[in-house]
Amino acid sequence: MEHGKLKPLMFAGTGSDVGKSIIVTAICRILKQDGYSPAPFKAQNMSLNSYATPDSLEIGRAQAVQAEAAEIECSTDMNPLLLKPNSDLTSQIVLNGRPVGNSSAKGFFRQEGRDILRKEINSSFDRLSSKYNPIIMEGAGSIAEMNLMDIDLVNMPMARYADANIILVADIDRGGVFASIYGSVMLQKPEDRRRIKGVIINKFRGDISLFNTGKEIIEKTSGIKVLGIIPYLDDIDIDEEDSVSLAKRNKKYTQGKVNIVVVLLPHMSNFTDFARLEHDSRINLYYSYSPEEIAKADITIIPGSKNTISDLNEIRNKGIDTAIIDNAKKGKSVIGICGGYQIMGMEISDPLSIESNNAFVNGLGLLPIRTTITKEKITQQREFSFMEGEQRCKGYEIHMGNSELIDGKDYMKVATFDDGSSDGVMINDRCFGTYLHGILDNKVIVDKLVSPYCTIESSDSIDYDQYKDYQYNRLASHVRENIDMDLFYKILNSDD
């Protein structure tokens, strides 16, 4: 079906974590269902949850999810600037998919250099806009941060450049929805205020009809139509952007299941590596920072980390290292992914102080590898065979550092690639490490992982790709049913 060019549309927030990312995901799927070719765009993202694009570059996971909902391949043009926190004070800057250095918050938010970043971001938007229709943009944080407006790259300046209309998203669950909407609108310059064409009240609990008066008040005080009131999503499963969501997850051992614990590292990255495990009926997946809870698990997973040395020191300080090593000695399964793989080794060195001022630290000693942190970042999608098996598996690499065997023995490799190269070290099928994120999305690997602890050979869960597609459709239906679709398309076609 042929469609005319629609105006770019930005979903901006009254604050952080109001649900912008999930709504953009829904809108991308709705527009795809309606015959359009949408693409997501977020000028600047801050997240430790990233993804490798098909051309071996790096973007925020949220934009990869949104692209998947739109049924297109992700690209760095969808998220040209990514900030990956190394600590509370510094972040790695990833521009157009490649790391360009580290910066403190003070250094990043200075005026100098903003024009260079803005030019790169605008060029990404232009390329994306030439290929897709419409561009569904996502703002960052609050659009009313008065102290940052002159240097902002994501919200109003980006909307101006794209000539985008704006839907303001507010979270009623956290309270203060009237003040946050009114303040966000009235603190804008008049020319920016005119871009705001609608308001979405997100995360509503209870009877929506009871908010009719509230809706009237918002429209009267702000002069902007309420596009929709979206009930709280509590049973739709979409990959989330930030690991803050892990606070809501299970953190306890459960009798009668294969218990898998993910060590809750302070700088944990790519926590979506474990999403598939949550849907396996054989498994109880939980996240913990408690040595006692970790000691109970059948399988311990050490996840990726943005600051491997710092996290290794922290788990030592908490006594978590002893619990992990004891589990391995008892014959329980211990596996490491990316930073977790490095942590399981004999030693980690950081001679260039890329992650830490500690030039050298001993690892847990579970794998015979030595890791050196390097400036070069490896970002690549991968197809591989697991344990030299025949079935093809998929994953991706995002890491800084090289790991090499110390003792020179011929250990089984975790993954073998088509070119004959390999990844990971497997002492036995209960103790191994790999750089491959997404490795546990492969059913054959999960079946192998749980087989020592479960008489059921295979999970009865549906195909994971089908499951994710089903969830995108459920999300789209949920949002479609709770917004004014006529007003939505009017806004997409509005030039005033």
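How many nonpolar, polar and charged residues does the lining of the second largest cavity have? The model looked at here is a predicted one, and its empty spaces make a handy way in. By class, that lining comes out at 6 nonpolar, 2 polar and 3 charged residues. The residues in question are Val65, Asp237, Ile238, Asp239, Ala275, His279, Tyr464, Tyr467, Lys468, Gln471 and Tyr472. Helix H14 gives the largest share of them, 5 residues, and the space they surround amounts to about 80 Å³.

That cavity has company: the structure holds 2 cavities of 30 Å³ or more. The largest cavity takes in about 170 Å³ of space. Its lining runs to 15 residues, and Ser305, Lys306, Ile398, His399 and Met400 are the closest to its centre. Strand E22 (392-405) provides the largest share of this lining, 3 residues, while helix H12 (339-343) is another element that supplies at least two. Sorted by class, the lining of the largest cavity has 3 nonpolar, 8 polar and 4 charged residues.

Next come the pockets, or one of them at least. The second largest pocket holds about 1100 Å³ of space. It is lined by 36 residues, of which Tyr51, Glu68, Lys394, Asp465 and Lys468 lie closest to its centre. Lys468 turns up again here, as it is also listed in the lining of the second largest cavity. Several elements each bring at least two residues to the pocket lining: helix H2 (61-69), strand E21 (369-386), strand E22 (392-405), helix H13 (443-450) and helix H14 (464-480). In terms of class, charged residues number 16 in this lining, alongside 13 nonpolar and 7 polar ones.

Helix H2, one of the contributors to that pocket, also packs against helix H1 (residues 20-33). The two axes sit 7 Å apart, at an angle of about 20°. Angles under 35 degrees count as roughly parallel, so H1 and H2 are roughly parallel to each other. The crossing of H1 past H2 is right-handed. On the H1 side, the contact involves Ser21, Val24, Thr25, Cys28 and Arg29, which meet Ala62, Val65, Gln66, Glu68 and Ala69 of H2. Among the residues of this contact, 5 are nonpolar, 3 polar and 2 charged. Two of the H2 residues are already familiar: Val65 is in the lining of the second largest cavity, and Glu68 is one of the residues closest to the centre of the second largest pocket.

Key. Residues numbered from 1 in each chain as written. Predicted model: local features only at pLDDT ≥ 70, side-chain atom pairs only at ≥ 80, totals over all residues. Heavy atoms only, no water. 1 Å grid on protein atoms, 1.4 Å probe; cavity = no way out; pocket = protein on both sides within 12 Å on 5 of 7 lines; lining within 4 Å. Points joined across faces, edges and corners; volume = space filled by probe spheres on them. Helix = DSSP H or I, 4+ residues; strand = E, 2+ residues; numbered from the N terminus. Nonpolar A, V, L, I, M, F, W, Y, C, P; charged D, E, K, R; others polar. Axes fitted to C-alpha atoms, helices over the stretch in contact; angles between N-to-C directions. Parallel < 35°, antiparallel > 145°, perpendicular 65-115°, else oblique. Left-handed = near helix turned anticlockwise from the far one by under 90°. Contact = heavy atoms within 4.5 Å.
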